Structures are given as structure tokens and as C-alpha cells.
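Here's a quick tour of how a few pieces of this fold sit against each other. Have the viewer open and follow along.

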Amino acid sequence: MISKATPIVPIYLVIDVSYSMIVGITKVNEVIVSTVGLLNAESFAADRVCLSIISFSDGANIDLPLTPVDQIEVLPTLGVEGGTSYGPVLRTLRETAVIDVEHLKQGGYRVARPVAFFLTDGQPSDGSWLVDLKALVDSKYYPTLLAFGIGDADPAVLVQLASRPELAFMAQQQIDVDVAIANYGKILQDYFRSLSRSTETNTTEVAVSIDPVFNVVPSGVEIT
């Protein structure tokens, strides 16, 4: 049961399910199961972490509404769909974060800044997604957004998505897709392990441990 004594951390897993993810979607679902299993095994999670899963292709879908981890009864099984549009998912993230945080606050809970782990294997097909990104950044409960790219993702786009340049990560091109996705899961799980229960923890400062599968996008990458 989530506690009113410590700040709740809303976590959003934002997952690309465009058709090109067909080679890795099984591993994505395995990562979701193992991550929730870890959260249920960690004593801090029951009173600190709420989790939501949002998938996107041509549109966006809230597959798991924000839920305390110890109350998750059924996990979604993601499947691949169509193209890769960023606008709908950025709008969905903005709208649901506002609703979720306000709901928690109205319930008397303290709420830390939300955190979103964004995974994509492609480039946005919608030309207006930057407008939606700006609206997200300007919103009241803008999440700390970490952007992870695999496959044909564009490092320059990842830098634009991420809350800070050092939170944009690109998998090495020679790495197998399943290995890259498994490493995304490892990064998630390492982050959850590192969460402190201290009420003094500044949860807006996200620290993640990255191994050689992912590289921080070089600071000199050209943004067009």
C-alpha cells in the first residue's frame, strides 16, 4: 500500500510498438514482467512507486493506468501495430500525468516529479511532434524524460526528447535488438533499486547506470 509519509514516484514506461518492433516485442513484454516482479520484491516499491505503461505507433494507448505496484493484478501484453508517430504519445503523456498527479494530491499524497522511460526504434513520421513536445515541456507536471533509441532511432531526435542531453541514449548499432531491449530493462531495474526511501531525496535528479550496450548521445550531435 502506498504511503502518505513519503513522496510517490509516478513512473511511465513509454514503449514504441510500431511494426518494426516486431523483432523485439517479445523481449519488451519479458522486460515488463521482470521489472514488475522486481518492484514487487523490493520493500520500497509498495509505498513509493506507481507504474503506468503507454504504448504508441500511429496513435497512443494507456495499456496500464498509473497503479501502485502492489496493486497490479494483470499486466498488458503489447503487440505491434502501425507507424511511428510521436505527437499522440506526447499528448497522452502530458494529459495523463496531469490527471494522475492531481488525483494523487487530492488523495492527500505527496508526489515527486514523474519519470518517463521512452523506448523507440524509429524516427517520428509526424511533422508536428515538436509542437506536442513543447506542450509537454511547458505542462505543470512535465516528467523527467529519458530517451532510449535502438535500431533506426535518430540520436538527434533522442536529444530533443530527453529532459537533458545526458538523458538521451542510443544502443550501439551492432548490438542485437533483444540484447538492447534487455539492457533497457536492466537500466530500469537498476534505477528502481537506487530509489531511496528518504523524504529528502531529490527525485527530479535521475541517475541511471549505463553499460556499453547504450551510449549517451554525443553532445556534438547535429539537431536539424
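Helix 1 passes helix 6 in a right-handed crossing. This is a predicted model, so take the geometry in that spirit. The pair, residues 25-41 for helix 1 and residues 177-194 for helix 6, packs at an angle of about 15°, and the axes are 9 Å apart. Angles under 35 degrees count as roughly parallel, and helix 1 and helix 6 are therefore roughly parallel to each other.

Who makes the contact? On the helix 1 side you'll find Lys27, Val28, Val31, Ser34, Thr35, Leu38 and Leu39. Helix 6 brings Asp178, Ile181, Ala182, Tyr184, Gly185, Leu188, Gln189, Phe192 and Arg193. Sorted by character, the residues of this contact come out as nine nonpolar, four polar and three charged.

Now for the strands. Strand 1 covers residues 9-16, and eight of its eight residues are buried. In a regular strand the side chains alternate between the two faces of the sheet. Here both faces of strand 1 are covered: one side carries Val9, Ile11, Leu13 and Ile15, the other Pro10, Tyr12, Val14 and Asp16, and all are buried.

Strand 1 is bridged to two other strands, and it runs parallel to each of them:

| Partner of strand 1 | Residues | Bridges | Example pair |
|---|---|---|---|
| Strand 2 | 49-56 | Eight | Ile11 with Leu51 |
| Strand 4 | 115-120 | Five | Tyr12 with Ala116 |

Ile11 and Tyr12, then, are buried on opposite sides of strand 1, with Ile11 pairing to Leu51 in strand 2 and Tyr12 to Ala116 in strand 4.

How values were computed:
Residues numbered from 1 in each chain as written. Predicted model: local features only at pLDDT ≥ 70, side-chain atom pairs only at ≥ 80, totals over all residues. Heavy atoms only, no water. Buried < 20%, exposed > 50% of the residue type's maximum accessible area, 1.4 Å probe, protein only. Helix = DSSP H or I, 4+ residues; strand = E, 2+ residues; numbered from the N terminus. Pairing = 2+ DSSP bridges. Axes fitted to C-alpha atoms, helices over the stretch in contact; angles between N-to-C directions. Parallel < 35°, antiparallel > 145°, perpendicular 65-115°, else oblique. Left-handed = near helix turned anticlockwise from the far one by under 90°. Contact = heavy atoms within 4.5 Å. Nonpolar A, V, L, I, M, F, W, Y, C, P; charged D, E, K, R; others polar.
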